[in-house]
There are 2 protein chains.
Amino acid sequence: MRNLDITTLRSFVAVAESGGVTRAAGFLHLTQSAVSMQLKRLEELLGLDLFDRSGRTIALTASGEQLLVFARRMVALNDEVITRLTDQAYEGEITLGVPHDIVYPAIPRVLKQFHAAFPRVKVQLDSSYTRRLKAEFAKGACDIILTTETGMDAGGEQLCTKPLCWVGAPGGSAWRQRPLKLAFGRQCTFRPRVVEGLDAADIPWDVVVETESDRTIEATVSADLAVHTMIEGTEPPHLDRIEHGGALPDLPMHSINLYGAGGAVNEVHDALVGFLRRAFAAPDATALRAVANR
Amino acid sequence: MRNLDITTLRSFVAVAESGGVTRAAGFLHLTQSAVSMQLKRLEELLGLDLFDRSGRTIALTASGEQLLVFARRMVALNDEVITRLTDQAYEGEITLGVPHDIVYPAIPRVLKQFHAAFPRVKVQLDSSYTRRLKAEFAKGACDIILTTETGMDAGGEQLCTKPLCWVGAPGGSAWRQRPLKLAFGRQCTFRPRVVEGLDAADIPWDVVVETESDRTIEATVSADLAVHTMIEGTEPPHLDRIEHGGALPDLPMHSINLYGAGGAVNEVHDALVGFLRRAFAAPDATALRAVANR
DNA sequence: ACATTCTTAAAGCGAATGTTTTTGATATAA
DNA sequence: TTATATCAAAAACATTCGCTTTAAGAATGT
C-alpha cells in the first residue's frame with residue numbers, strides 16, 4: 001500500500017484552501033516551486049488529476065475534493081497526537097489527596113485511566129485523613145482532594161452518598177460480643193459518629209485496638225478480634241460487611257466530596273476530575289468492584 | 001507543527017502488534033536495522049520513549065499506547081483514501097436509464113452526489129421512454145433503469161408512487177377550452193391513460209402537437225396553446241400544475257420503479273442505487289425541489 | 001554458555017526534496 | 001493589439017534522507 005506524506009497533505013490542504021500555489025507556499029514557508037512539485041508528486045503517486053489547471057486559478061477536481069476530506073482529517077490527527085505527546089500543557093504533576101479508606105477500589109482504576117490518557121502527567125497521590133487533606137488543600141499543597149464527610153464545605157462537590165457500615169471477619173462473630181470490641185485508627189473521622197450510635201442504642205463498647213496503621217486494624221478485624229466501620233463498597237478483599245440484622249445500630253450516611261474542581265483550570269485537571277466523578281458517581285461502588293474483578 | 005510519517009507509523013504499528021522489531025521487519029519487507037532506525041527517529045521526533053526496552057520483548061510505554069491509537073487511525077485513513085482513489089473497483093462506467101420526464105429535478109442531484117463519492121466512475125445517462133429503457137435493460141445495455149409505470153415487472157423495486165397531473169402555462173386557460181387541446185410526445189406512455197380518462201369524463205379532446213421533442217411540447221404548453229400531463233413533482237420551471245378544481249379528470253397513479261438493484265453487484269453500483277432510492281423515496285418530490293432551490 | 005533479539009554504527013548508494021532560475025500561459029490594462 | 005503582471009510548471013543543481021549491508025556489542029531467557 002502506498003503511503004501519503006503528511007507534509008504533502010498539509011500543502012495540498014493549504015493550496016485547496018488558499019486557492020493558489022504561490023499563496024499556499026507563503027503560508028507554508030516554502031517556495032512556490034517546492035509546493036508545485038509536491039502536488040505533482042502527489043498526483044503521480046495517486047495517478048490522478050487533483051487540480052483543474054485550466055484558467056489562472058487552481059481548482060480541485062472531484063478526486064481532489066475527495067482527497068481533501070481525508071487530508072484534513074489526517075493532518076488534524078497528526079497535529080492532535082503531536083500536541084498530546086509533546087505539548088507542555090500535557091505534562092506536569094497533579095497532587096491528589098484521597099482518604100485512605102476510599103482509595104480502594106476506585107482510585108487505582110482512575111490512576112490507570114488517567115495515565116493512559118495523559119502519560120506525561122504524574123499524579124502524586126496523597127492518602128491520608130479527611131481532616132489533614134482539607135488542611136493540605138487549604139494550603140494549596142493538594143490540587144484536588146476527595147473527602148468523606150457527613151456535610152460539605154463551600155466549594156465542594158458531592159460525588160455520592162454512602163452509608164457507613166459494619167465490617168468484620170468473613171463468617172466472624174465478634175459483632176455479637178458485648179461489650180462490642182472496636183478497632184479504630186487514631187485519627188478516624190467516623191469514630192465519634194459510631195460511638196454516638198452505640199451509646200444511643202445502649203450497646204456497651206470497648207476500643208481494643210487504637211493505631212495509626214490500617215494494616216493492624218485489618219489484621220485484628222480479619223482475626224475476628226474486633227469489628228470496624230467503613231464506607232459501603234470500600235471493604236478490602238478479606239473483610240466482609242456484617243449482616244447484623246438490626247443487632248447493631250445503623251450508621252449515618254457519609255458523602256464522598258470532591259474539592260478542587262472549580263474554575264476549569266485546564267484540560268488535564270478537568271480530565272482527572274471527570275475520571276473521579278465517573279468512578280464515584282457510578283450507580284454503586286459494589287457493582288463497580290464486581291466489574292473491575294471480571 | 002512536526003509531521004509524522006505514515007511509513008514510520010506503519011512500522012510502529014507493526015512492531016507494537018507483532019511485539020518485535022525483527023518480526024515486524026519481516027512483515028514490512030524491510031531489514032531489522034531499518035525498522036529500528038525508524039523507531040529511533042520517531043522517538044527523537046517526539047522527544048519521548050515509546051518503548052519499554054527492558055526485557056527481551058519490546059513493550060509500549062503509556063505514550064506509545066497513546067500514539068498507537070492515532071497511528072492506527074492515520075494508517076487506516078491513508079489506506080482508505082488510497083483505495084478509494086486508486087482501486088480499480090472504484091473506477092469504471094455505469095449506464096443509467098431514466099425516463100426523460102423524471103430526469104428533472106432529482107437526477108442532476110444524484111449524479112452530482114455520486115460523482116463526489118466516486119469521481120472516477122462515469123455515469124452514462126440514457127434518457128428515453130420507459131418502454132425503450134426496459135428493452136435496453138433486458139438486453140443488458142443499461143445497468144440500472146428507472147421507469148414510470150402503473151404496474152411493475154418482476155425484479156423491480158417501487159421507489160414511490162405519484163399521481164399523473166395536468167400541467168399548463170402559468171396562469172393559462174388552455175385547460176378550459178373544449179375540445180381540450182393536448183400536446184403529446186409520440187412515444188408517451190401516459191397517452192392511453194389520459195385519453196381513457198377524458199373519454200370516461202366525456203370531455204372532447206384533440207392532439208394539437210405530436211412530436212419527439214420535449215422542447216416543442218414545453219414551448220407549446222408554456223405558450224398556453226395546449227395542456228400536457230406529467231408526474232407530480234417533475235414540472236419544469238416555466239410550467240405549472242393546473243388547479244382545475246375537478247374540471248379535468250383525475251389521472252391514475254404511476255409508480256417510479258427501479259430495475260437493476262438486485263444482487264449486491266458491488267459497492268459502487270449499490271451506492272448509486274442508494275442515491276436514487278433516497279432521491280425518489282423522499283417524502284415528496286416537490287419538497288425536494290424546494291430544498292434543492294435553497 | 002548459548003541463542004536470540006535489539007541497538008548502534010559506518011559506508012555506500014539511490015531517491016526524495018528542497019532552492020534558484022527560467023519558461024510558458026493567462027488575465028488585466030494601456 | 002501590445003505590454004505587463006501574475007501564477008504555475010520545468011530545468012538544473014545541491015543537499016539530505018533513508019534504506020541496505022555489515023558488523024560489533026549488550027541484554028535476556030533457556
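What distance separates the centres of domain 1 of chain A and domain 2 of chain A, taken over C-alpha atoms? In this predicted model, the separation is 56 Å. The domain assignment places residues 6–86 of chain A in domain 1 and residues 91–294 of chain A in domain 2.

The relation between the two chains may be considered next. Chain A is superposed on chain B by a rotation of 180 degrees, with 0.0 Å of shift along the rotation axis and an RMSD of 0.3 Å. Such a relation is that of a two-fold axis. Both copies use the same surface, since 100% of the contact residues of chain A recur in chain B.

Within chain B, attention turns to a pair of helices. Helix 1 of chain B spans residues 6–18 and helix 2 of chain B spans residues 21–28; their axes come within 8 Å and cross at roughly 125 degrees. Because angles of 65 to 115 degrees count as roughly perpendicular and those over 145 as roughly antiparallel, this crossing makes helix 1 of chain B oblique to helix 2 of chain B. The crossing of these two helices of chain B is right-handed.

The residues that form this contact can be named on each side. Helix 1 of chain B contributes Arg10(B), Ser11(B), Ala14(B), Val15(B) and Ser18(B). These meet Val21(B), Arg23(B), Ala24(B), Phe27(B) and Leu28(B) in helix 2 of chain B. By character, the residues of the contact between helix 1 of chain B and helix 2 of chain B comprise 6 nonpolar, 2 polar and 2 charged.

Conventions. Residues numbered from 1 in each chain as written. Chains lettered and ligands numbered in written order. Predicted model: local features only at pLDDT ≥ 70, side-chain atom pairs only at ≥ 80, totals over all residues. Heavy atoms only, no water. Axes fitted to C-alpha atoms, helices over the stretch in contact; angles between N-to-C directions. Helix = DSSP H or I, 4+ residues; strand = E, 2+ residues; numbered from the N terminus. Parallel < 35°, antiparallel > 145°, perpendicular 65-115°, else oblique. Left-handed = near helix turned anticlockwise from the far one by under 90°. Contact = heavy atoms within 4.5 Å. Nonpolar A, V, L, I, M, F, W, Y, C, P; charged D, E, K, R; others polar. Least-squares fit on C-alpha atoms with pLDDT ≥ 70 in both. Domains from an automatic or database assignment.
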